[in-house]
Structures are given as C-alpha cells and as structure tokens.
Amino acid sequence: MSREPTTGRSGEATRFGRAAKSASLPEARTSSSEDIAAFVAKAHAMSPHAAGARGRLVFALDATMSRQPTWDMACTLQGDMFREAAALGTLDVRLVYYRGLNECRATRWISNSAELARLMGKIDCRGGNTQIGKVLTEARREATAAGVRAVVFVGDAMEESVDDLCARAGELGMLKVPVFMFQEGRDPTAERAFREIARLSGGAWCRFDPGAAAQLRELLRAAAAYAAGGREALKRLSARESGAAKLLGQIK
C-alpha cells in the first residue's frame, strides 16, 4: 500500500514513494448492514494464527506534537519486539502513525528492527488531533487482506467518537485480532475509550508513566511475544515479566 517515508525538516509533506495524497490512509466510514454481514462471514472463515504463518503486528503510534519524547523512546525500544519474537519464530511489523492535520500513514511490512528504526528516525511529530479510527480501519483492512495477529497502539489522548471506535474494535474482535492499548499518562477520557477498545477486540489496556522506558519495553515485548507465538508464548513470558502478566490477565 505505502512506501518508505521521507521526511524533510523544512516542512514539506511526508511521502511514501508516491504522491502524499495517494499514500494517505482512507477516511473511516460507517459500515452498512450488507458490509457487516459480509465481514462477519469472512471473519468466521479466517484465522490469524494459521499454522506456519508469519507473526504480523500492526504497531500504531500517536505522532502528534506532545508525543515527541515517547516517539523517540519507541524508536529505541522497538528492537526489543523483534528480539523477543526471534526466539519464537518470525515477526513482521507494519508501522501506522498519525500527526498534523488529517495525516495518517502506514509503512510496508518490515521484518527487521534496523529497517523499522531507520524509517521511524525520518518521521517527526506534528501538532494535530487524534485519528485512532483510521488506525483501526487500517488494521481491519490488513487483517482481512493478509492476516494480523495483534495491534499495538501507543498514545495519550482520544478526541473522536468513542462509539465509532468501539464499532471498529468489535470488528477486529470478530477477526480475533486483539488490540493492545498502551496509554501514556492518566487522561480519563482516553482511559475510558482505550479500555473499551481493548475489551471489545479481546485485547488489553495498560498504562505506563511518561518517559518510563522500562514499562513500555515490557509491554512491547509482551505484545510481540503474543504476535509471534500466541497466548502460550505470552504465558511463558509472564512468568518473568510483569508487562506480559498484565496483558495475559486481560486477553480473552
């Protein structure tokens, strides 16, 4: 779908190998009853944990201006996801992020930490509102097209219709794609929405303190373990890491 991002510090639009407009994720839309019926039928016929399938994780980040310190931290910590998954099998990661005025983008599927770190290092945070609905819509599209085992979202705010977000989370739940909502800080509106998104998708909600690299590292490692090896891998990791135990206690 998208190509490698290139970000200039002079303020020009980020691109993925084609025009910025064509690379942007599509606007979320309300599903008709026919769309939902077709989606449910397809969901029952699919399994994101098919034997021999590569573990696929959608790694979604809020890249609005307040998120710059956490973006930099995530650039450093994302390698831990690949290292954790390496002992279990394989992991492909698709980075999805939003920032600025109506900008939401996704990279191609990436299979090594150095490449993901290189791409993330080209992206700077910009002011704007949240676009979590687009993230969930993109995750659903990938889940039906190529199979996704889990979605990770890292953010600190929610400025959208919570009912719309919950509808999309429920669709991911029908596809058996849990969403792990990792909240930085203690915004109560974000917490209510994030908890419900996690519940409806069969995932988990966890909070980490601003700038707490150790907390976020454990959560990312736990999500990667689940994406690469399923519930059993997460269970084994939970014996030695509290982040994995927090996720295991919530997922369905």
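**Helix packing and one buried valine**

Biologist: Is the crossing of α6 and α7 left-handed or right-handed?
Modeller: Bear in mind that this is a predicted model: local features need pLDDT of at least 70, side-chain atom pairs count only at pLDDT 80 or more, and totals for chains, interfaces and linings use all residues. Residues are numbered from 1 along each chain as its sequence is written, and side-chain values use heavy atoms, leaving out hydrogens and water. A crossing is left-handed if the near helix is turned anticlockwise from the far one by less than a right angle, and right-handed if clockwise. For α6 and α7, the crossing is right-handed.

Biologist: Are α6 and α7 roughly parallel or roughly antiparallel?
Modeller: Helix α6 (residues 162-174) and helix α7 (residues 188-201) pack at about 25°, axes 7 Å apart. Axes are lines fitted to C-alpha atoms, for helices over the stretch in contact, and angles run from 0 to 180 degrees between N-to-C directions. Under 35 degrees counts as roughly parallel, over 145 as roughly antiparallel, 65 to 115 as roughly perpendicular, and the rest as oblique. That makes α6 and α7 roughly parallel.

Biologist: How do the residues of the α6 contact with α7 divide?
Modeller: Contact means heavy atoms within 4.5 Å. V162, L165, C166, A169, G170 and G173 of α6 meet A193, E196, I197, L200 and S201 of α7. Ala, Val, Leu, Ile, Met, Phe, Trp, Tyr, Cys and Pro count as nonpolar, Asp, Glu, Lys and Arg as charged, and the others, Gly among them, as polar. The split is 7 nonpolar, 3 polar and 1 charged.

Biologist: And which orientation does α3 have to α4?
Modeller: Helix α3 (residues 68-86) packs on helix α4 (residues 113-120) at about 165°, axes 9 Å apart. That makes the pair roughly antiparallel.

Biologist: Which residues in α4 are met by α3?
Modeller: α3 passes α4 in a right-handed crossing. From α3 come W71, A74, C75, Q78, G79 and F82, and they meet, in α4, S113, L116, A117 and M120.

Biologist: Does V179 count as buried or exposed?
Modeller: V179 sits in strand β5 (residues 179-184) and touches L136, V151, L172, I197, A198, S201, G203 and A204, not counting residues up to four places away in sequence. Buried means under 20% relative accessible area, exposed over 50%, partly exposed in between (1.4 Å probe, protein chains only). V179 has 0% relative accessibility, so it counts as buried.

Biologist: How many strands does the chain have?
Modeller: Helices (H or I, at least four residues) and strands (E, at least two) are DSSP runs, numbered from the N terminus. Alongside 9 helices, the strands number 6.
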